[in-house]
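Here are some notes to read alongside the model, for anyone opening it for the first time. They begin with one strand and work outwards from there.

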Amino acid sequence: MPIMTKLLKTLTLTALLAASFSALATKPERPYGLVIHGGAGTILKKNMTPEAEKAYREKLDEALNAGYAVLEQGGSSIDAVKASIVIMEDSPLFNAGKGAVFTHEGVNELDASIMYSKDLSAGAIAGVSHIKNPILLADTVRTDSVHVMMAREGAEEFAKEQGFELVDTKYFFTQRRWDQLEKVLKHTPEKPELSEDEAKNSKFGTVGAVALDKDGNIAAATSTGGMTNKRYGRIGDSPVIGAGTYADKNCGVSATGHGEYFIRAAVTYDICARVKYKRQGIQESADEVIHDKLVEMGGDGGVIGLDAGANIMASFNTEGMYHGWKTSNGQAAIKIYKGE
């Protein structure tokens with residue numbers, strides 16, 4: 001082969017390789033994002049003081065930024081949702097961790113769950129009373145046990161084996177939640193202590209987060225103190241995979257609401273199933289479940305989530321839901337009230 005021909009072939013190959021490397025170097029980054037919630041209910045602006053609203057918005061913003069920073073630095077969606085939820089569990093504002101409500105017996109019983117789309121692994125804990133950050137124990141169940149859900153004394157025994165420090169139950173006491181319990185205990189149809197809205201709100205309260213990372217993996221997580229005045233070891237939807245929390249490669253969802261209905265409707269799984277099998281958007285899928293299916297059953301509450309394209313979803317059939325989101329395409333918001 002003539003030298004000139006060889007040289008031309010070499011130059012052509014070099015040019016092609018250079019073009020390929022250039023294309024790889026300029027390949028757009030995968031979208032990523034995070035959406036969180038701090039519970040739904042009869043949340044009306046007229047009933048909220050400016051100071052209280054400011055406190056809620058600031059704490060939601062703090063939780064959102066903590067989780068988003070993990071994603072921005074290339075961290076996993078699992079670590080992002082945990083970072084956000086720990087902030088909310090450590091705040092007395094929300095019904096999870098430090099702000100958990102009291103049972104009929106005057107104790108705090110905490111539930112949490114987490115799921116990862118990468119391998120469909122999941123972990124959940126229910127009815128624990130000495131775990132400062134239940135979401136961290138739920139994730140340890142996911143990663144360091146052969147089980148999905150552990151409850152009560154068994155979950156706390158596992159926690160000790162895994163090096164968790166158990167906290168005194170006094171850690172969870174807040175005067176606000178204690179006063180709520182006393183009011184519910186005094187409430188009777190003949191002598192009502194609670195308004196209709198207060199009665200509804202005593203039935204639920206949760207925090208949650210859903211994230212999509214730069215590797216395309218989705219994680220969803222939920223944590224709660226349950227229902228004020230609950231009895232008989234009642235467990236709601238928050239630790240139930242497919243009811244309170246679900247994540248697969250198409251979709252991730254975290255729920256907040258009257259848990260009995262969310263369990264019966266398999267809310268979070270149903271939304272992701274509609275995304276997968278009906279090939280429709282996550283917002284449309286959520287609205288069908290929350291505003292149609294759940295309402296027909298008589299259930300109140302809401303959900304947040306996102307899909308594999310970092311499309312954000314928030315849907316609720318109550319007057320408000322504490323929630324917010326942040327994505328790599330520049331979307332960001334903190335919202336509380338219906339129509340906001």
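1. Start with a strand pair. This is a predicted model, and in it β5 and strand β6 (residues 218-224) run antiparallel, joined by seven bridges. Pick out Val-210 to get your bearings: across in β6, Ala-220 is its bridge partner. The two strands make a hairpin with five residues between them, and in that turn Gly-216 has a positive phi of about 85°.

2. Now look at the other neighbour of β5. Strand β1 (residues 33-41) is antiparallel to β5 as well, with five bridges joining them. Val-210 turns up again here, as the β5 bridge partner of Val-35.

3. Is β5 buried or exposed? Seven of its seven residues (206-212) are buried, so the rest of the structure largely encloses this strand. Both faces share in that: Thr-206, Gly-208, Val-210 and Leu-212 point one way, Val-207, Ala-209 and Ala-211 point the other way, and all of them are buried.

4. Step back to the whole sheet. It is an open one of eight strands, and reading across you meet β4-β3-β2-β6-β5-β1-β11-β12, with mixed pairing. At the edges stand β4 (149-151) and β12 (332-337); each has a single partner strand, so one side of each has no neighbour in the sheet. From one strand to the next, the twist averages 5°.

5. Another pairing in that sheet is worth a look. Strand β2 (residues 110-116) and strand β3 (residues 121-128) are antiparallel, with six bridges between them. Tyr-116 is bridged to Ser-121 in β3.

6. Next, the packing. Which residues have the most contacts inside the largest nonpolar core? They are Leu-34, Ile-36, Val-81, Met-88 and Ile-125, in a core of 48 residues. A second core, separate from that one, has 35 residues, including Val-210, Leu-212, Trp-325 and Ala-333. So Val-210 and Leu-212, which point the same way from β5, are both members of this second core, as buried nonpolar residues joined through side-chain atoms within 4.5 Å.

7. Met-88 deserves a closer look. Setting aside neighbours within four places in sequence, Met-88 is in contact with Ile-36, His-37, Gly-38, Leu-60, Ala-63, Phe-94, Ala-96, Val-207 and Gly-208. Two of the residues in that list, Val-207 and Gly-208, belong to β5 and point opposite ways from it.

8. How many disulfides are there? The count comes to one, and it joins Cys-251 to Cys-272, with 2.3 Å from S to S. These cysteines lie 21 residues apart, Cys-251 in strand β8 (residues 251-257) and Cys-272 in helix α9 (residues 267-277), and the pair links distant parts of the chain. The link is left-handed, at -75° about the S-S bond. Cys-251 counts as buried because its relative accessibility is 0%, and Cys-272 counts as buried at 1%.

9. Last, some overall figures. The protein has ten helices and twelve strands. Of its 340 residues, 52% are buried. Among contacts with a separation of 6 or more, 68% are between residues 24 or more positions apart. The protein exposes about 15500 Å², and 54% of that comes from carbon and sulfur atoms.

Technical notes
Residues numbered from 1 in each chain as written. Predicted model: local features only at pLDDT ≥ 70, side-chain atom pairs only at ≥ 80, totals over all residues. Heavy atoms only, no water. Buried < 20%, exposed > 50% of the residue type's maximum accessible area, 1.4 Å probe, protein only. Helix = DSSP H or I, 4+ residues; strand = E, 2+ residues; numbered from the N terminus. Pairing = 2+ DSSP bridges. Disulfide = S-S within 2.5 Å. Contact = heavy atoms within 4.5 Å. Areas by Shrake-Rupley, 256 points an atom, 1.4 Å probe, with all protein chains shown as cover. Axes fitted to C-alpha atoms, helices over the stretch in contact; angles between N-to-C directions.
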